[in-house]
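Dear colleague,

I am passing on the structure we spoke of, and below it you will find my notes on its aromatic side chains. Please read them alongside the coordinates.

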Amino acid sequence: MHRSIVISTILAFAALVAAQNQTIQLVVGGEASTQGGIFQFIPPSITASEGSVVTFQFAGNPGNHSITQSSFSSPCQPLTGGFDSGFVFIPQGTETFPTFELTITNGSQPIWFYCKQLSPAPHCQAGMVGAINAPTSGNTFDLFQQAATHSTGTPGQNVGGLVGVGASASAPPGPLTGSGVEGFGNPTGASAASVASATSSASTTPSSPVSSPSTSPSTSSSGMVEANGLVMMLAALLGVTLA
Ligand SMILES: [Cu+2]
């Protein structure tokens with residue numbers, strides 16, 4: 001009985017560690033045959049714990065979209081200090097899709113974003129918006145999307161940075177290697193660094209880690225190494241207990 005309690009405790013703890021370092025996949029742009037059409041993030045609203053990585057895959061084919069941070073009150077305008085993938089053009093027939101990876105640096109606040117593409121019509125007003133950790137009451141994703149579709153004026157085109165508010169990327173979208181695949185207005189390491197310093201000086205949340213462009217781009221793998229180390233330690237503990 002004692003042994004089974006130890007084992008179940010270890011399994012529960014290992015599951016918790018794995019959940020906190022989860023990788024969540026999200027598709028940018030639908031296809032003509034996709035339910036809901038071209039102008040969408042799939043799924044549009046997700047939850048992601050602090051430290052987890054959200055991988056945006058530019059799989060809308062053909063497509064030309066961005067992931068640009070905004071706010072609940074202004075769904076189609078860039079948030080000051082917000083993250084931005086810039087545009088990625090995916091020609092029809094592309095088979096390997098670039099990705100943009102956001103690490104959640106603050107899991108306690110909602111993260112809102114939109115696509116700033118204007119062609120053939122503004123994607124934001126067509127409903128191409130998304131949310132991470134949106135509240136289930138009050139400022140919900142549904143209200144955010146409704147506000148986007150009813151918003152007037154041209155969606156904001158300012159180029160943001162890799163480092164955003166509550167979520168940060170360590171690299172622009174990539175790899176841009178497919179035939180005809182191109183990036184436009186993608187943030188660079190240099191602009192990300194300037195945005196990072198501007199964000200940290202203006203930010204009221206000093207706990208948000210700001211990733212340096214010189215650090216490893218693979219936050220997810222370091223998280224996995226950490227998780228594996230913990231599981232190995234627990235396995236060692238189990239071994240001692242069983243002995
Ligand atoms: Cu779009």
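Please bear in mind throughout that this is a predicted model. When the whole structure is searched, six aromatic pairs are found, and I describe two of them here, together with a cluster and a charge placed over a ring.

One of the pairs is formed by Phe56 and Phe113, whose arrangement is edge-to-face, with 5.4 Å from centre to centre and 85° between the planes. This pair links distant parts of the chain, since Phe56 belongs to strand E4 (residues 53-57) and Phe113 to strand E9 (residues 111-114), 57 residues apart. Phe56 has a relative accessibility of 0% and therefore counts as buried, and Phe113 is likewise buried, its relative accessible area being 0%.

Another pair is that of Phe141 and Phe144, with ring centres 6.4 Å apart; because their planes stand at 50°, which is neither under 30 degrees nor over 60, the pair is classed as tilted. Phe141 and Phe144 both lie in helix H2 (residues 141-150), and because they are three residues apart there, about one helical turn separates them. Both Phe141 and Phe144 are buried. Their surroundings are aromatic as well, in that Phe72, Trp112, Phe141 and Phe144 form one aromatic cluster.

Finally, there is a contact of another kind to look at: Lys116 lies over the face of Phe87, at 5.5 Å from the ring centre.

With best regards

Conventions
Residues numbered from 1 in each chain as written. Predicted model: local features only at pLDDT ≥ 70, side-chain atom pairs only at ≥ 80, totals over all residues. Heavy atoms only, no water. Phe/Tyr/Trp six-rings, centres within 6.5 Å; stacked < 30°, edge-to-face > 60°. Helix = DSSP H or I, 4+ residues; strand = E, 2+ residues; numbered from the N terminus. Buried < 20%, exposed > 50% of the residue type's maximum accessible area, 1.4 Å probe, protein only. Lys NZ or Arg CZ within 6 Å of the ring centre and 35° of its normal.
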